[in-house]
Amino acid sequence: MQYQSPMVKVRACVKKGQGKVALTDIDLGDPGPGQALVRTTLTTICGSDIHIVDHIEEVPAGLPMGHESVGVVEAIGEGVERVKPGDRVVSACLLSCGHCVRCQNGEHSVCQTFGAPMNLLFGAQAEAFLVSGADHSMAIVPGGLDDRHAIFAADIMSTGFAAIERARLEEGQTVAIFAQGPVGLCATAAAKYYRAGVIVAVESIPERMEMARRLGADRVVRPEQAVDEIMTMTGGFGVDVAVEALGKQVTFENCLRVTRYGGTVSSVGVYTPLAALTLPTDGTFLHRTIVTTLCPVGTKRLQRLLGILDSGEVDLTPLLTHERKLDDIVASYDMFRNRKDGVMKIAIR
Ligand SMILES: [Zn+2]
Ligand SMILES: [Zn+2]
């Protein structure tokens, strides 16, 4: 079914210049071939939004921000078959076409058609936004699942879960997760979901230490003592899996130090602006597996994550520490950037 809407003017959060965002009216065209127009019901700010606004100079002023949202499809373009107006959907943070070689290989996050690495969805922090590759970049939210749960499938839950999945964690194994920011906390929840034996979270910010316990960590240790404590705790052997979720050389090295021979270091931290990540020559990288992952996307992935959330086995809503309106988004960026008031994620309606 093809459905066309008139040109719509929407309020949107845009990058205004280096380090600045603004709320402004933008024109959204009709959805083109393969696109869906989504009316936003819930969105949020991500660490990568701050990175784009503050550090990536190539991203021009005027670009609509935001890539995590839940909403209702309002109109679809030519060729869209899997969603229709009225469907409540979550959109993936990275767009995929479903038919290029990489999508065919299941590597939707590096879809060639939408140009990795900038196949990022833009414009979700707005009253409405367009999603390209709609048939492969969004999933219908199960009826009973609230927006506050569903939104996590868009980005950080997928990355956090992938950190554990790529490490091929087996039931009963020991995991250490370095840094409990939003992605690290999702990795902690994933370790719990996949029935890790012992989950050790590494963190020093009190609210995050508390949240780590709430989401499944058995022990929370401070970064300075992490290596010693984890080695003592494991009888000098080290953990089966260590997750790097901070993006620093020192945490990467500490992950290697606490991982047993034959174990796996799973790296999801973003290391820019580091020019290089180096392996220590003290032998801690020998006979370990090192894996990395982008945020896995695609409709099937979204459906699977929504299914996990819908089962009630994983509840990430405690991460939504604050609630704001779209009108307050400029102040919300400021709060999120400066981690004011113990903020983790802000639910923006
Ligand atoms: Zn993000
Ligand atoms: Zn593709």
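Which residues coordinate the zinc ion (ligand 2)? In this predicted model, the zinc ion (ligand 2) is held by the SG atoms of Cys-97, Cys-100, Cys-103 and Cys-111, at 2.4 Å. The angles subtended by the four donor atoms around the zinc ion run from 103 to 117°, and the arrangement is therefore tetrahedral, given that four donors are counted as tetrahedral if all angles lie between 85 and 135 degrees. Along the sequence, the donor residues follow the spacing C-x2-C-x2-C-x7-C. Within this site, Cys-97 and Cys-111 link distant parts of the chain, being 14 residues apart: Cys-97 belongs to the loop between strand 5 (88–91) and helix 2 (101–104), whereas Cys-111 belongs to the loop between helix 2 and strand 6 (128–131). Both Cys-97 and Cys-111 are buried.

A second part of the model that can be described in some detail is helix 8, which spans residues 223–233 and has Ala-226, Val-227 and Ile-230 as its buried residues. Viewed down the axis of helix 8, these buried residues fall within an arc of 85°, and they therefore line one face of the helix. In general, an α-helix has 3.6 residues a turn, so residues three or four places apart point the same way. The face of helix 8 that is turned away from the buried side carries Glu-224, Asp-228 and Thr-232, which are exposed. On the buried side, the packing partners are strand 8 (174–178), strand 9 (198–202), strand 10 (219–221) and strand 11 (239–244), together with helix 9 (249–258). Helix 8 is followed by Gly-235, a residue with a positive phi, near 65°.

Note on methods:
Residues are numbered from 1 along each chain as its sequence is written. Chains are lettered from A and ligands numbered from 1 in the order in which they are written. This is a predicted model: local features need pLDDT of at least 70, side-chain atom pairs count only at pLDDT 80 or more; totals for chains, interfaces and linings use all residues. Side-chain values use heavy atoms; hydrogens and water are left out. Donors are N, O and S atoms within 2.8 Å of the metal (3.2 Å for Na, K and Ca); water is not among the atoms, so sites may look incomplete. Four donors count as tetrahedral if all angles lie between 85 and 135 degrees; four count as square planar and six as octahedral if opposite donors are over 155 degrees apart and all others between 65 and 115; anything else is irregular. Helices (H or I, at least four residues) and strands (E, at least two) are DSSP runs, numbered from the N terminus. Buried means under 20% relative accessible area, exposed over 50%, partly exposed in between (1.4 Å probe, protein chains only). The arc is that of the directions from the helix axis to the C-beta atoms. Contact means heavy atoms within 4.5 Å.
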